[in-house]
Amino acid sequence: MTRKYTVGNKSCFEVRELFSPWLDGEITPEDANILEKHIQSCPPCKTELESWQSISHSLQGFTYSADPPPGFAAQLMNRIITEQKPEKYGFIKTWHKTIAAAAAVILFAGSVGIANNFMPEKKNNNIVMKSNRTAQTAVVDNNKKHAEPEAHLNTSANNRPDTANDSKSDAVAPDAAVPETAAPDNPKAEARVVVAQEFALFDNEITIKSTLLKLSSDDPIGTIAKAAAKTNGSGAVSQIISAQNTGGKEVSITSITVPEAASAELMNYFMSLGPVIDKSDEAKDITYRYKEALARQQELASLINNSQAENASYRTEFDSLSKQLQEWREQATKHTIILWIEKGQGN
Amino acid sequence: MDQISNRIMSNNIVELIMRSQRGEVDSFGSLVNIYQSKVLGLCLKLTGNRSDAEDLAQEVFLKSFRSLKGFRLEADFGTWLHRITVNMYLNYKKKNSKVTIFYIDDPVKTDTGEINREILDESADPSQEIEEKEDRNVIKQALDSLSPEHKAVLVLREIEGYSYEEIAQITQSSLGTVKSRMNRARQALKEKILQTGMTKAGKGGEI
């Protein structure tokens, strides 16, 4: 409670109104003078100001790591493009640009989100361009990849809830049905938890790699078919992001997630399919986030194991961290190729 | 040198904004890439947890794309985005005042098993004493329990480092309001800290 007595011309109440401006350097010299004089002869106000100042310092020391999650921009651009689409017919004209934007953004955001966001198991409406005007329909058979166990693992590991599916979702209401599987442990099966040893074993850094490969082809459909055949035989997961034909120019974009070991061979094969227009690689380093998650998991393990009382929330967090780490490890062993094929002018 | 690169940078941004205003989605994508950390950062500080922050940041960019035509090029784009952020945060809190929000220190239990990552980066200073950490946690908790309006001005000032003038623009209020609100916010924060500290001390039979 602020006292009502007066020192000098101003009451404590009035002087305290000046605390913030003084702390923030937003005070006039006259007011600063009043405040400083008052403080000298009023211990309660002095103490109060000191405590404000120390809280202020603590607040200023807060640091936050604001790394956007992988796929953040891609998800957003998806929503924007999807939202824009029905509005204008004129938009068709900028079709190519938007495809380019989507591809560029996806690539920029790193590959993590791609496998997740474009998985066919989820509703397809988060795929950027799915159009009746499409000249060629999806050639790559998405169902085939279900035969691949590796593909399935990748599918289930979901980093973020897919809010792109629900463009009208509330601002602050995470709501998602993430498929269950990756974490093998059943939380209730045993009381003690152990951090999986393999989590701690990793090379110096964990990076998630992707490549944008642009090809030109006289016969895009044929090229896509060839690419698809090769992809399906290599343990990769592929997904058509878009296929479009406007003004005589056809562009199709496919995202292929392939085990790192097989990526070079696959890439070489793709490059042999037609003149390469452009090729750019990107590696996103998630080592720091990985280590952070690992440390937290170890901390949780000791909390859970050393406390008598069952703490369900620790366990939930522990399990989700297991999932996340597992997912990162898997993704780090893979390479995402964004294959862009456009109809060439008879090269 | 720095000034030159700054100028090039800001020219580029102005161009990207103009293109985006004409509906060029790829230009807007570039803006998103440039500003996503800035927006997400403020969202984290306001919401107190990562998943809400990411959702809010998505909404902020969507909203900004829709209202891009109203952006005046002489204004600072980052500040404008922050204005939208604060606005949406306050509106959201108003609409959902009954909704319990999970804050960073409470691990969130969800069916999705999604991680509620800790966002307060205490690894910054490895020599930090446990006591100091405790203090910070108390302050963080107190900050999160303030009214959205009080929290917003404190975050904008103390963590984002905006001036009163800028805060007035961002929160669309007068300078006088900012001044008095800032003072009331600090008062409220101090009281919350005292309360929290006392509850902790009262509860904690353990040393």
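**Burial, strands and ring pairs in a predicted two-chain model**

User: In this model, what percentage of the 207 residues of chain B counts as buried?

Analyst: This is a predicted model, in which local features need pLDDT of at least 70 and side-chain atom pairs count only at pLDDT 80 or more, while totals for chains, interfaces and linings use all residues. Residues are numbered from 1 along each chain as its sequence is written, chains are lettered from A and ligands numbered from 1 in the order in which they are written, and side-chain values use heavy atoms, with hydrogens and water left out. Buried means under 20% relative accessible area, exposed over 50% and partly exposed in between, with a 1.4 Å probe and protein chains only. By that criterion, the buried part of the 207 residues of chain B is 52%.

User: Which pattern does the secondary structure of chain B follow along the sequence?

Analyst: Helices (H or I, at least four residues) and strands (E, at least two) are DSSP runs, numbered from the N terminus. Chain B has eight helices and zero strands. Read along the sequence, its pattern is α-α-α-α-α-α-α-α.

User: Among contacts in chain B between residues at least 6 apart in sequence, what percentage joins residues at least 24 apart?

Analyst: A contact requires heavy atoms within 4.5 Å. Of the contacts in chain B between residues at least 6 apart in sequence, the share that joins residues at least 24 apart is 63%.

User: Which backbone oxygen does the side chain of Thr171(B) reach?

Analyst: Thr171(B) lies in helix H7 of chain B, residues 164–171, and it counts as buried because its relative accessibility is 15%. Leaving aside residues up to four places away in sequence, Thr171(B) touches Val86(B), Leu156(B) and Val178(B). At 2.7 Å, its side chain reaches the backbone oxygen of Ile167(B).

User: Why is strand E3 of chain A described as largely enclosed, and which residue of E7(A) is the bridge partner of Lys214(A)?

Analyst: Nine of the 11 residues of E3(A), residues 207–217, are buried, so the rest of the structure largely encloses this strand. Two strands pair if DSSP finds at least two bridges between them; E3(A) pairs with E6(A), residues 276–285, in the antiparallel sense over nine bridges, and there Thr211(A) stands opposite Asp281(A). E3(A) also pairs with E7(A), residues 334–343, in the parallel sense over nine bridges. In E7(A), the bridge partner of Lys214(A) is Trp340(A).

User: How many Å apart are the end C-alpha atoms of helix H10 of chain A?

Analyst: The buried residues of H10(A) include Pro220(A), Ile224(A) and Ala228(A). The expected span of a helix is 1.5 Å times one less than its number of residues. For the 13 residues of H10(A), residues 220–232, the span should be 18 Å, and this agrees with the separation of the end C-alpha atoms, which is 18 Å.

User: What is the angle between the planes of Phe72(A) and Phe61(B)?

Analyst: Rings of Phe, Tyr and Trp (its six-membered ring) pair if their centres lie within 6.5 Å, and planes under 30 degrees apart count as stacked, over 60 as edge-to-face and the rest as tilted. A search of the whole structure finds eight aromatic pairs over all chains. Phe72(A) and Phe61(B) form an edge-to-face pair, 6.4 Å centre to centre, and the angle between the planes is 70°.

User: Why does this pair join two chains, and what is the relative accessibility of Phe61(B)?

Analyst: The pair joins two chains because Phe72(A) lies in helix H5 of chain A and Phe61(B) in helix H3 of chain B. Phe72(A) counts as buried at 3% relative accessibility. Phe61(B) also counts as buried, and its relative accessibility is 1%.

Definitions and conventions. A polar contact is a pair of N or O atoms within 3.5 Å; within protein, one must be able to donate a hydrogen and the other to accept it, and residues adjacent in sequence count only if both atoms are side-chain atoms.
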